[in-house]
Amino acid sequence: MNRLFTGESCLNFTERLLVKRGFDFFVSLIGLVALVPVIFVVALLIHCKLGSPVLFRQTRPGRNGKPFEMIKFRTMLDATDKHGKPLPDNQRMTPFGSFLRATSLDELPELWNVLKGDMSLVGPRPLLMEYLPLYSKEQYRRHDVRPGVTGWAQINGRNAISWEDKFKLDVWYVDNQSLWLDLKILFLTVKKVVVRDGISGEGEVTMSKFTGSND
């Protein structure tokens, strides 16, 4: 959706960004404070069941593709083959790790990324840095906004839809974002988590790797 670059439209766009950032900051701050007991218990269980480190840290592309360090709770065993290469996901995933992903408890530390401004509560999910050169020009537009803890694609299939469909949903969000849409997505995300829908791709523990667009 093309925006008219008039003074009024630019002001309205800037105001929307400020409102979204204010909402993200307030909700993430309240969430981190309110969820301290849950975060502590989950961290303790991860340490007991999976060992250290408790947190998973990885560089991901943020707005305009700028790298940032995303943090999540660890969900897999740190298991390698005889050559020191990590074992496939399905061999490192445990029932406890699957539970963390199914309930999205592994995402709680990302509230810190939201508070810092690296991420938003709602936006396209931050994927791998190695995917950046693989996107088509249209797909790359998903980076026009801050990545989100949840997003339009997550409530419309999550990991159970194709990469192409997921990116179309991401770009649709970029063109149609609003506070009301964000509230709707957050509400539907809670519903998705409760029913544990679309957690992984067919035949996969999570989602198969993106290898390039078919367009």
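P53 sits in the loop between α2 (36–49) and β1, and the peptide bond that leads into P53 from S52 is cis, with omega near 0°. Please keep in mind that this is a predicted model, in which local features need pLDDT of at least 70 and side-chain atom pairs count only at pLDDT 80 or more, while totals for chains, interfaces and linings use all residues. Residues are numbered from 1 along each chain as its sequence is written, and side-chain values use heavy atoms, with hydrogens and water left out. Helices (H or I, at least four residues) and strands (E, at least two) are DSSP runs, numbered from the N terminus.

**Backbone points to look at**

- Most residues other than glycine have a negative phi, and most peptide bonds are trans.
- The S52 to P53 bond, being cis, is worth finding in the viewer.
- N64, in the loop between β1 and β2, has a positive phi near 60° although N64 is not glycine.
- N64 counts as exposed, at 55% relative accessibility; here buried means under 20% relative accessible area, exposed over 50%, and partly exposed in between (1.4 Å probe, protein chains only).
- S104 also has a positive phi, near 60°, and belongs to the loop between α4 (95–102) and α5 (110–116).
- S104 is buried, with a relative accessible area of 19%.

**The β1–β2 hairpin**

- Strands β1 (residues 55–61) and β2 run antiparallel and are joined by 7 bridges; two strands count as paired if DSSP finds at least two bridges between them.
- P61 has P67 in β2 as its bridge partner.
- The hairpin has 5 residues between its strands, and N64 is where the positive phi occurs.
- Strand β2 (residues 67–73) is largely enclosed by the rest of the structure, because 5 of its 7 residues are buried.
- R57 and E69 form a salt bridge, with their closest N and O atoms 3.3 Å apart; the term means a side-chain nitrogen of Lys or Arg within 4 Å of a carboxyl oxygen of Asp or Glu.
- R57 is in β1 and E69 in β2, so this pair ties together parts that are 12 residues apart in sequence.
- E69 counts as partly exposed, at 41% relative accessibility.

**K72 and its partners**

- K72 belongs to strand β2 and is buried, with a relative accessible area of 14%.
- K72 forms a salt bridge with D106, the closest N and O atoms being 3.5 Å apart.
- D106 lies in the loop between α4 and α5 while K72 is in β2, so the pair ties together parts 34 residues apart in sequence.
- D106 is buried, as is K72.
- A network of salt bridges links K72, D106, E107, E110 and R125.
- K72 also comes within 5.2 Å of P109, C-alpha to C-alpha, although 37 residues separate the two in sequence.

**Helix α8, inside and out**

- Helix α8 (residues 179–195) has 17 residues and reaches 25 Å from its first C-alpha to its last, close to the 24 Å expected at 1.5 Å a residue; the expected span is 1.5 Å times one less than the number of residues.
- The buried residues in α8 are L181, D182, I185, T189 and K192.
- These buried residues cover an arc of only 95° around the axis, which puts them on the same side of α8; the arc is that of the directions from the helix axis to the C-beta atoms.
- On the other side of α8, the exposed residues are W180, F187, V190, K191, V194 and V195.
- W180, which lies in helix α8, is exposed with a relative accessible area of 71%.
- V19, L179, W180 and L183 make a nonpolar surface patch of about 410 Å², and α8 gives the largest share of this patch, 3 residues.
- Patches are made of residues with over 30% relative accessible area and no salt bridge, with like charges joined within 9 Å and nonpolar side chains (Val, Leu, Ile, Met, Phe, Trp, Tyr) within 5 Å.
- Accessible areas come from the Shrake-Rupley method with a 1.4 Å probe, and for residues only the protein chains shown count as cover.

**Salt bridges across the chain**

- Side chains of opposite charge can pair when their charged atoms come close.
- The count of salt bridges comes to 11.
- One of them joins the side chains of K20 and D182 at 2.6 Å, N to O.
- This pair links distant parts of the chain, with K20 in helix α1 (residues 7–34) and D182 in helix α8, 162 residues apart.
- K20 and D182 are both buried.
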